[in-house]
Amino acid sequence: MYQSHIKENLVSEISETLALAQALIRRPSVTPDDKGCQRLLSDALEPYGFVPEFMQFGDVQNLWIKRGTNAPLFVFAGHTDVVPTGPEENWSYSPFSGDIVDGMLHGRGAADMKGSLAAMVTACQRFVQARPNHPGSIALLLTSDEEGPAVDGTVRVIDTLKARNEVIDYCLVGEPTSAERLGDTVKNGRRGSLGGTLTVRGIQGHVAYPHLADNPIHRLSSIVGDLCATHWDDGNEYFPATTFQVSNIEAGTGATNVVPGDARAQFNLRFCPDSSASSLKEKIESACSRHAEFFEIDWCPLGLPYQTLPGTLLSAVEDSVKEITGHSPGLSTDGGTSDGRFIAPIGAQVVELGPLNRTIHQVDEVVDADDLDALSNVYEKVLDRILK
Ligand SMILES: [Zn+2]
C-alpha cells in the first residue's frame, strides 16, 4: 500500500525544478496520451520569449517551442510520455502522486524523463533571464511517443523541420544516462537496431519417411548456428562490436510424428556504425541461402545508429558536468535506441545526459531531488558555453 506525503510537501519548500517535475508526474501521460504535459511546459516558457508550435500527428502530440531565429540552434529533446505502471498496489507511493520523501521524488516518469524536462525548462528560464540577448536560438523538441512505436513522434517533427530548412546544430537529449552518480555517464551515440522474422519453408511429411519431406527446422537451425558464429565487425573506440540475438523460434504442428512445413525465427542485431544495415542484411541473406532454398525475411523498421565525435557540444557537456558535479563523465553508446537516432541524421551533434537510470520502467521509479536541481544547473552551463 502507498501512503500520501502531501503534508511533507506543503511544509518544506521545493525548488522550481522539483515543483515542475512533480506537476508533470501528476499528469498520468502513458504513451501516447500527453495529458497536458506539453501545454504545462509551453506555459512555463512562453513568458520567456519562446514561441510554441504544437504538432499533432495521428494520436501523438508533439511540441516544438523556440526562442530566436538566429544560428546556431541549440535544442533540448525529450518525451512527455511514460510507460505503464503495472499494478499500482505494488508501488510504495502512488505512481502519479509525485511524492517527495527523504529527498527522493517518486513516481512514474520521475527519472524517465519528466525530471529532465523540468530541469531543461528551468535551465532555459534562468539562462534567458541572465542573458536576454544571447546569440543563436534555443528550442525544445518534445514528443508523447518515445516509449511506444515512435512513428508519429520525433521523426515526424524532424521531417517537418527539414522540409522548411530548419537546421539543428546541437541537441541535448535528456534520457536518463547516469548509472551510479549524476553525470557519471554521457551518451555520445547509440547502436543501430536491425531485426526481422525469418521464415524457412520446407515440405511437411511423416517423420518415418524423411526422404519425402524437407525439414525446415533443420535448415533454420543451421542458419541460426551460422549467424550466431558470424563475426560482424570489431566495434570501434566508442562502440562495442555488433551482436546478433534470436528472440524466438517457432515451428511444429503439435504432433510428434510430423515434420512441419515451415519454421520461423525472430532475431535482432544491435549494430555499430562500422557495419551498414545493408551489409548486415546481405550477410544474413547469404547465410540463409547457404542452408535453404525457400525463405523469406520480414524486416522490422530499421533503427539507425548515430555517433557524435568530440567537438563543441561534447566538450560543453563534459565541462559543465565537471563544473557542477566535480567529476568528469565517461562516454557510452550502450543501452537501447533513443530519439537521438532521428535527430543526428540531419547533421546535428547529439549528446544525451540525464539522471540515474537504475529504476526506469520499474515499480517505484524514483529520482534524487538534489540531482534534478544539479541537472538543471548542468543544462544551464551547457547553454552558457554553447550560446556565448
Ligand atoms: Zn526515456
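What spacing do the donors of the zinc ion follow along the chain? They follow H-x32-D-x62-E, and the close-ups below start from that site in this predicted model.

**Figure 1. Meet the zinc ion and its protein donors.** His-79 contributes its NE2 atom, Asp-112 an OD atom, and Glu-175 appears twice in the list of donors through OE atoms. These atoms lie 1.9 to 2.8 Å from the zinc ion. The angles among the four donor atoms run from 50 to 144 degrees, and the site is classed as irregular. Asp-112 belongs to helix 4 (residues 110–130), while Glu-175 sits in the loop between strand 7 (170–173) and strand 8 (185–187), so this pair ties together parts that are 63 residues apart in sequence. Asp-112 is buried, with a relative accessible area of 5%. Glu-175 is buried too, at 7%.

**Figure 2. Here is helix 2, a mostly covered stretch at residues 16–25.** Of the ten residues in helix 2, seven are buried. They are Thr-17, Leu-18, Leu-20, Ala-21, Gln-22, Leu-24 and Ile-25. An α-helix has 3.6 residues a turn, so residues three or four places apart point the same way. Thr-17 also has a partner to look for: its side chain is joined to that of Thr-122 by a polar contact of 2.7 Å. Thr-122 is found in helix 4, and at 3% relative accessibility Thr-122 counts as buried.

**Figure 3. Now look inside, at the largest cavity.** The structure holds two cavities of 30 Å³ or more, and the largest has a volume of about 40 Å³. Two zinc donors, His-79 and Glu-175, are among the residues that line this cavity. Other lining residues include Ala-77, Gly-78, Leu-141, Glu-146 and Thr-154, and the list also takes in Val-173, Asp-339 and Ile-343. Strand 3 (residues 73–79) gives the most to this lining, with three residues. By class, the lining has four nonpolar, three polar and three charged residues.

**Figure 4. The second largest cavity comes next.** Its volume is about 30 Å³. Leu-198, Val-224, Leu-227, Phe-244, Val-246, Ala-265, Gln-266 and Phe-267 form the lining. Helix 6 (216–229), strand 12 (243–251) and strand 14 (262–271) each supply at least two of these residues, with strand 14 giving the most, at three. Seven of the lining residues are nonpolar and one is polar, with no charged residues.

**Figure 5. This view turns to the largest pocket.** The largest pocket holds about 420 Å³ of space. It is lined by 18 residues, and those nearest its centre are Pro-301, Leu-302, Gly-303, Arg-341 and Phe-342. Helix 5 (154–163) and helix 9 (340–343) are the elements that give two or more residues to the lining. Helix 5 gives the most, with four. The lining of the largest pocket consists of eleven nonpolar, three polar and four charged residues.

**Figure 6. We finish with the second largest pocket.** About 190 Å³ of space lies here. Of its 15 lining residues, Glu-175, Pro-176, Arg-190, Gly-336 and Ile-360 are the closest to the centre. You have already met Glu-175 as a donor of the zinc ion. In this pocket, the lining divides into two nonpolar, six polar and seven charged residues.

Terms used: Residues are numbered from 1 along each chain as its sequence is written. This is a predicted model: local features need pLDDT of at least 70, side-chain atom pairs count only at pLDDT 80 or more; totals for chains, interfaces and linings use all residues. Side-chain values use heavy atoms; hydrogens and water are left out. Donors are N, O and S atoms within 2.8 Å of the metal (3.2 Å for Na, K and Ca); water is not among the atoms, so sites may look incomplete. Four donors count as tetrahedral if all angles lie between 85 and 135 degrees; four count as square planar and six as octahedral if opposite donors are over 155 degrees apart and all others between 65 and 115; anything else is irregular. Buried means under 20% relative accessible area, exposed over 50%, partly exposed in between (1.4 Å probe, protein chains only). On a 1 Å grid over the protein atoms alone, a cavity is a set of points where a 1.4 Å probe fits but cannot get out, and a pocket is an open set with protein on both sides within 12 Å along at least five of seven lines; lining residues have an atom within 4 Å of a point. Grid points are joined across faces, edges and corners, and a volume is the space filled by probe spheres set on the points. Ala, Val, Leu, Ile, Met, Phe, Trp, Tyr, Cys and Pro count as nonpolar, Asp, Glu, Lys and Arg as charged, and the others, Gly among them, as polar. A polar contact is a pair of N or O atoms within 3.5 Å; within protein, one must be able to donate a hydrogen and the other to accept it, and residues adjacent in sequence count only if both atoms are side-chain atoms.
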